[in-house]
Amino acid sequence: MSEVVRKYLRADMMPTIWCPGCGHGIIMGAVIRAIDQLGLDQNKTVIVSGIGCASRAPGYMDFDTLHTTHGRALAFATGIKLANPELTVIVLTGDGDAAAIGGNHLIHAARRNIDITTVCFNNSIYGMTSGQYSPMTPKGYSATTAPYGNIDRPFDLCELVKAAGATYVARSTAAHPRALTDLVAKAISHHGFSFVEAISGCPTYFGRKNKIGDAPAMINWMKEHSVPARAVEKLTPEQRAGKFPIGELYVSEEPEYVDEYVNVIIPRAKERAAKAE
Amino acid sequence: MAERKVLLMQGNEACAEGAIAAGLRFFAGYPITPSTEIAEILSERLPQVGGKFIQMEDEIASMAAVVGASLTGTKAMTATSGPGFSLKQENLGFAALTEVPCVVVNVQRMGPSTGLPTSPAQGDLMQARWGTHGDHPIVVLSPGSVAETYTLIIKAFNISERLRVPVIFLMDEVIGHMREKVVIPDPATLAVVDRVRPTCPREQYLPYGAVDGDVPPMADFGSGYRWHVTGLLHGVNGYPIGPGKASEELIVRINRKIERRADELAMYEEVLMDDAEVAIVSFGSTARSAIYAARQLRVAGVKAGVIRIITVWPFPEKVIAKAAGRVRAFVVPEMNLGQLALEVERCAHGGAPVHKLSRVDGELITPTQIVDAVKGV
C-alpha cells in the first residue's frame with residue numbers, strides 16, 4: 001500500500017463494492033493523489049456524493065464525508081460551502097446522479113460559480129441498478145432498459161456545465177490517471193465552480209452488454225477514442241467522428257458565489273441594520 | 001432592566017425573528033405561497049446577524065442545503081408549503097436517519113396538489129408525521145397565535161438540537177399571514193439549546209455510538225473528527241451495514257429518542273376543561289375559533305372546554321385519554337377531512353364518542369359552526 005493510499009483511504013472500509021475491472025478505483029486514486037499534491041488539510045476537506053457506484057467513493061476516503069440522496073450531492077455541498085467557506089468541498093458523482101436526477105443542481109451550482117469541485121465518474125450506465133441507460137449512454141448502445149438500442153441523445157456534460165457558467169472544465173479518463181490527477185488538482189485549486197468529467201469503464205454492465213470486451217479492452221477503448229483537446233482542431237471531421245477531447249477544456253475567472261455573499265451582501269446588510277438602529 | 005419590546009408582527013415574521021433568536025444562521029428556501037415572507041425576511045435579516053441566506057433552485061435542493069449547513073454546526077431551517085413540503089420528504093428522511101438537526105416550516109395551504117394556494121388548511125397533519133418513507137422519528141409543533149409562533153419556533157430549534165431530530169413547524173395560512181401583538185422576550189431570558197459536540201479523541205469517536213442508546217454527540221464537519229454520514233443504515237461508526245441486529249438497533253434507537261420523551265415533549269393547552277362535558281380538540285388557527293366557541297357555549301349553559309394541541313407529534317395521548325373518562329363527547333374541528341379526529345379516536349380508547357367537524361372549502365371554521373356542532377352532540 002502506498003503512503004498516499006494509507007493516509008487518505010479508510011482501510012477498515014475495504015474492500016470496495018466496485019466490480020473487478022471497474023474504472024472508479026483509478027479515478028478515486030486520482031482524487032486522493034490530487035489532494036495530496038495540493039497538501040490540503042484533511043480535517044478541512046469535505047467529500048460529498050449522491051447515489052450510485054461512483055457515489056460510494058467518499059465512504060472509502062478519510063475526510064468528513066457525506067453520502068447523500070440520489071442526485072442531490074451538489075445541493076448538500078452548497079449548504080456546506082456557504083455555511084462554512086473555510087472548507088474545501090469536493091463532490092464525487094456519477095453520470096446518472098449528476099446528469100439525470102441531479103441535472104438541475106449541476107447547472108445551478110455552475111451558474112452560481114460556487115467554489116466546489118465536481119468530479120463526475122462517467123461510465124455511461126447505471127451500474128448500481130445493473131445496467132440501465134443513462135443520459136450519458138451513447139446513442140445506439142444497448143442497456144437493460146434499451147434492449148433495442150438507445151434512441152436518447154447523450155449530453156456533452158462539459159459543454160453543458162460550461163454553458164451553465166462553470167469556470168473550470170476538464171475531461172480525462174481512467175486510462176490517463178496521471179493527467180486526470182493533474183486536472184483534478186487544477187480543478188480544486190481553481191476558485192469557482194470546477195468540473196472534471198472522468199470517463200470510467202463498466203465492464204460488468206456497459207462493456208459486456210455492448211460487446212466492448214473486458215476491462216483492458218475498455219481502457220484501450222478510452223485511449224483510442226480520446227484526443228488531446230489542443231489537437232482536436234487539427235483533425236478532419238472524419239478523424240474527429242466518435243472521438244472526445246481530453247484535457248483542460250475551459251478556464252475563466254468570474255466572481256465566486258460565497259465571496260460575493262461575504263463581500264457584497266453582508267456589508268450592505270450590516271449597513272442597513274446600523275441605519276435602522 | 002431590559003426595555004419591554006412590543007411589536008405588531010405577522011406570523012411568518014414572528015417565525016423568522018423567533019428562529020434568529022433561537023440561533024438560526026442558515027436558511028435555504030424556494031418561493032411558495034403562503035410561506036414566502038419567511039424567506040424574504042430572512043434574506044434581509046440573516047446577513048445582518050452574520051448568517052447566510054440562499055434561494056435554491058428548487059424545494060429539494062433547499063432541504064439538502066439545510067442538512068449540509070447543519071453538518072457544519074450551523075443552525076439551519078427551510079420554509080415551505082404543501083407542494084414544497086411533498087418535495088422535501090426524501091431529504092427530510094435523510095436528516096431523520098442521519099440525525100442531523102434542522103427545522104422545516106410548513107405554512108399549510110389547501111391541497112392536494114396545487115390546490116388553493118392562498119387558502120388555509122390543516123391537511124398536512126398526517127404527512128408531517130409520515131411523509132417520508134420508512135419508520136422515522138419526527139417532532140411536529142403547531143402554533144396557535146403570532147406570539148406563540150415566536151416562542152414555539154425557539155422550542156423547535158431546541159428540541160431539534162437536543163435530540164438530533166428534524167422538527168416540523170406546522171403553521172397554517174391564517175397564523176402565517178395574520179398580524180398580532182408580540183411581546184418580544186428578553187433574549188437573556190430565552191433558553192437556547194445547542195447540540196452536544198464530542199470531546200473525546202478522534203480515534204474514540206463513534207458518531208452513532210450513543211451512550212445509553214440515546215442521542216450521540218455530533219461533530220461539526222471541519223472539526224477534525226472526519227466521520228462518515230450516509231443515508232444507508234449504518235453501524236455505530238457510521239459505516240454502511242446490511243440486514244441484521246445492528247440495523248434493527250439503529251431504527252429502534254432513533255425512534256426511541258422521541259418515544260421515551262413523549263410526555264415531556266407533549267405540549268397542549270386546556271381551556272375551560274375542569275368541568276367540561278364536551279371537549280373540543282383542535283390545533284393551529286382553528287383552535288382560536290374553538291376557544292371562542294367554548295366561551296359562547298358556556299354563556300349558553302353548555303359545559304364545553306378546549307384541548308388545544310401544540311405538539312402534534314408525538315401526539316399528547318394522555319391528555320385525551322384522561323379527558324375521555326370525563327367528557328361525554330369530543331368534537332374535533334379541523335380544516336381537513338378528519339386527520340386529528342383519527343388520533344383523538346385512537347387515544348380516547350372508546351371512552352367517549354368523537355365527532356368530526358371538517359371543512360375543506362378553503363375557508364376558516366367559524367365559532368358558530370363549532371357552537372352548532374357541540375350543541376348537536
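**Exercise 1. The residue after helix α12 of chain B**

Task: Determine which residue takes a positive phi just after α12(B), and establish which residues of α12(B) are buried.

Solution.
Step 1. In this predicted model, H349(B) follows directly on α12(B) and takes a positive phi of about 50 degrees.
Step 2. The helix itself spans residues 339–348 of chain B, and seven of its 10 residues are buried, so that it is mostly covered.
Step 3. A residue counts as buried if 20 or more other C-beta atoms lie within 10 Å of its own. The residues of α12(B) that are buried are Q339(B), L340(B), A341(B), E343(B), V344(B), C347(B) and A348(B).
Step 4. An α-helix has 3.6 residues a turn, so residues three or four places apart point the same way.
Step 5. The partners of these buried residues are, in chain B, the helices α5 (125–130) and α11 (317–324) together with the strands β12 (278–283), β15 (329–334) and β16 (354–358).

**Exercise 2. The order of the sheet**

Task: State in which order the five strands of the open sheet in chain B are arranged, and explain why one side of β11 and of β16 is left without a neighbour.

Solution.
Step 1. The order is β11-β13-β12-β15-β16 (chain B), with mixed pairing.
Step 2. At one end, β11(B) (residues 268–271) and β13(B) are antiparallel and share four bridges. Within this pair, Y268(B) has I309(B) as its bridge partner.
Step 3. Next, β13(B) and β12(B) are joined in parallel by six bridges, and V281(B) is found opposite I307(B). The connection from β12(B) to β13(B) passes through helix α10(B) (residues 286–299), forming a right-handed β-α-β crossover.
Step 4. β12(B) also pairs in parallel with β15(B), over three bridges.
Step 5. β15(B) in turn runs parallel to β16(B), with five bridges between them; P333(B) has L357(B) as its bridge partner in β16(B).
Step 6. β11 and β16 of chain B each have a single partner strand and stand at the edges, so one side of each lacks a neighbour in the sheet.

**Exercise 3. Two strands and the residue I280(B)**

Task: Decide whether the residues of β12(B) are buried or exposed, and find which residues stand opposite I280(B) in β13(B) and in β15(B).

Solution.
Step 1. Six of the six residues of β12(B) are buried, so the strand is largely enclosed by the rest of the structure.
Step 2. In a regular strand the side chains alternate between the two faces of the sheet. Here V278(B), I280(B) and S282(B) point one way, while A279(B), V281(B) and F283(B) point the other way.
Step 3. β13(B) (residues 304–309) is likewise largely enclosed, because six of its six residues are buried. From this strand A304(B), V306(B) and R308(B) point one way and G305(B), I307(B) and I309(B) the other way.
Step 4. I280(B) stands opposite V306(B) in β13(B), and its bridge partner in β15(B) is V331(B).
Step 5. Among the residues that I280(B) touches are A290(B), A293(B), A294(B), P333(B), I370(B) and V374(B).
Step 6. I280(B) is also one of the residues with the most contacts inside the largest nonpolar core, which has 197 residues; I80(A), V184(A) and F169(B) are the others named. Helix α6(B) (residues 146–163) gives the most to this core, with 10 residues.

**Exercise 4. Helices across the sheet**

Task: Identify which strands α12(B) and α13(B) lie across, and give the angle of each helix to β15(B).

Solution.
Step 1. α12(B) lies across β12, β15 and β16 of chain B, at about 160 degrees to β15(B).
Step 2. α13(B) (residues 367–375) lies across β12, β13, β15 and β16 of chain B, at about 155 degrees to β15(B).

**Exercise 5. The contact between the chains**

Task: State how many residues of chain B are in contact with chain A, and which element of chain B gives the most to that side.

Solution.
Step 1. Chain B brings 35 residues into contact with 36 residues of chain A.
Step 2. Elements supplying at least two residues each include β2 (26–29), β3 (52–55) and α4 (82–98) of chain B. α3(B) gives the most, with nine residues.
Step 3. By type, the residues of chain B on this side are 19 nonpolar, 10 polar and six charged.
Step 4. Strands also pair between the chains: β2(A) (residues 64–67) runs parallel to β10(B) over three bridges, with T65(A) opposite H228(B).

Key. Residues are numbered from 1 along each chain as its sequence is written. Chains are lettered from A and ligands numbered from 1 in the order in which they are written. This is a predicted model: local features need pLDDT of at least 70, side-chain atom pairs count only at pLDDT 80 or more; totals for chains, interfaces and linings use all residues. Two residues are in contact if their C-beta atoms, placed from the backbone, lie within 7 Å. Ala, Val, Leu, Ile, Met, Phe, Trp, Tyr, Cys and Pro count as nonpolar, Asp, Glu, Lys and Arg as charged, and the others, Gly among them, as polar. Two strands pair if DSSP finds at least two bridges between them. A residue is buried if 20 or more other C-beta atoms lie within 10 Å of its own, exposed if 12 or fewer, and partly exposed in between; C-beta atoms are placed from the backbone. A crossover is right-handed if, with the strands pointing away from the viewer, the path from the first strand over the helix to the second runs clockwise. A nonpolar core is a set of buried Ala, Val, Leu, Ile, Met, Phe, Trp, Tyr and Cys residues joined through C-beta atoms within 7 Å. Axes are lines fitted to C-alpha atoms, for helices over the stretch in contact, and angles run from 0 to 180 degrees between N-to-C directions.
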